Amino acid sequence: MSFTEKLDPEALAYFNNVCQKPFAQQAVAFLNAYWRETADQADFIFSVSWELIKYADMHSKGISLRHLYEEGHDLDFDIGLYFYEQLCKFVEDPKNSKWASPAFRKSQPEMLTAIKRKQELRDRVDVNFDGRVSFLEYLLYQYNSVANPADFCKRSMSCQDEHPEIRARLALEEVNKSIKAYEAERYRLTEEAKLPGVKGLKATNELAQLDASPLAEKLNKALITAEAAVRIAVRKASNSSETFAPTEGALWWMSRDLEEKQKHYGKKK
C-alpha cells in the first residue's frame, strides 16, 4: 500500500522535488533523515545500491562508458525490475559474500518473482504514482522498518536548506567534471592507439604520458581542493553551535565519495 495519502500537498511537492535530484543527492537526503537508524547500512547503499541503480540507468539509456553518463533520478518499472534483478544477483554471487553477511541483512533485497516485484513497485514503492521508481522511493521501501515517506518529509522539511557542507559538495562536483574530461581523453587515445602507423604510435605515446598531462594535473588539483573542503565541512559541522539540517549522512557520503576518487585518480605516493 502506498503512503501517498499520508502526504499533504506541501509534503508531496517536497517529496517530488527530492525525487527529481540525482540518485546520489536522494541517497544523501535519506541518510540525513535516517542516519541514526541506517548508518550501519550506508556502505551498502553507497557501494552496492547506488552503483547498481546507476548501472541500470545506463543500461536503459544504452550507455556503456561512464564519462558519457549524466546521473539520472529515476527508472521506469521495467528498468526497476532489471535493477532489482541485478541487486539480487549481486548479493547471491559468492564473490560478494561481504554484502550477503548478516551485517547487511536490512539492505539485502527480498527474492520475488517478476510479477510479484512489479506489483510491489506499483503498489508500495511508487509513492507518488508517477509510474517510475526513484532512488529515494527504493530506499524508503527497503528500510521501511524505520522509514516511511510521511516521516521522511516531516524530518527533512523541518530543517534549513543551507548546510555547512555546500562548498565541499561543489568541490566534489568539480572533481567529477575533471574525471569525465580525463576519462574521455583516455578513451580517445585508447581507441586511436589501435590504429596503424604514425597516428597509432602517437596516441600510444600520449596515453603512456596521460598521468603527467595537464588534464591529470587539473584532476589532482581538484582532488586536493575537495579534500580540504570536506575536512573544513566536517570540522564546521562538529564545532558549530548553529542550527543546521542534520548532515551526518551528507558528510559521510562526501568523505566516502572522495576516498573512492582518491583511490582511483589520486597521485600514488
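1. Is W253 buried or exposed? In this predicted model, W253 has a relative accessible area of 4%, which is under the 20% cut-off, and therefore W253 is buried. Leaving aside residues up to four places away in sequence, W253 touches A24, A27, V28, L31, I45, F46 and W50.

2. W253 is also among the residues with the most contacts inside the largest nonpolar core, which has 53 residues, and the others named with it are F15, F30, I45, F83, F135 and F152. The elements that give two or more residues to this core are α1 (9-19), α2 (23-38), α3 (42-61), α4 (77-92), α5 (114-125), α6 (135-142), α7 (149-157) and α11 (248-265). A second core, separate from this one, has 20 residues, including I179, A203, A216 and M254. As background, nonpolar side chains tend to be buried together in soluble globular proteins.

3. The count of aromatic pairs comes to 20. In one of them, the ring centres of F30 and Y143 lie 5.7 Å apart with the planes at 35 degrees, so this pair is tilted. Because F30 belongs to helix α2 and Y143 to the loop between α6 and α7, the pair ties together parts that are 113 residues apart in sequence. Both partners are buried, F30 at 0% relative accessibility and Y143 with a relative accessible area of 2%.

4. A further pair brings W253 back into view: the rings of F46 and W253 have centres 4.9 Å apart and planes at 70 degrees, which is over 60, so the pair is edge-to-face. Since F46 lies in helix α3 and W253 in helix α11, this pair ties together parts 207 residues apart in sequence. F46, like its partner, counts as buried, at 4% relative accessibility.

5. Two other points concern the aromatic residues. Ring pairs link F23, F83, Y84, F135 and Y138 into a cluster, while K54 lies over the face of W50, at 3.4 Å from the ring centre.

6. The domain assignment of the protein chain gives domain 1 (9-158) and domain 2 (164-265), and their centres, taken over C-alpha atoms, are separated by 25 Å. The contact between them takes 18 residues from domain 1 and 15 residues from domain 2.

7. The area buried between domain 1 and domain 2 is about 1,500 Å², and carbon and sulfur atoms give 69% of it. On the side of domain 1, the residues that lose the most area to domain 2 are N32, F46 and H67, which together account for 44% of what that side buries. F46 thus appears both here and in the ring pair with W253.

Definitions and conventions. Residues are numbered from 1 along each chain as its sequence is written. This is a predicted model: local features need pLDDT of at least 70, side-chain atom pairs count only at pLDDT 80 or more; totals for chains, interfaces and linings use all residues. Side-chain values use heavy atoms; hydrogens and water are left out. A nonpolar core is a set of buried Ala, Val, Leu, Ile, Met, Phe, Trp, Tyr and Cys residues joined through side-chain atoms within 4.5 Å. Buried means under 20% relative accessible area, exposed over 50%, partly exposed in between (1.4 Å probe, protein chains only). Helices (H or I, at least four residues) and strands (E, at least two) are DSSP runs, numbered from the N terminus. Contact means heavy atoms within 4.5 Å. Rings of Phe, Tyr and Trp (its six-membered ring) pair if their centres lie within 6.5 Å; planes under 30 degrees apart count as stacked, over 60 as edge-to-face and the rest as tilted. A charge sits over a ring if NZ of Lys or CZ of Arg is within 6 Å of the ring centre and within 35 degrees of the ring normal. Domain bounds come from an automatic or database domain assignment. Buried area is the accessible area (1.4 Å probe) that two parts lose on being put together, summed over both.
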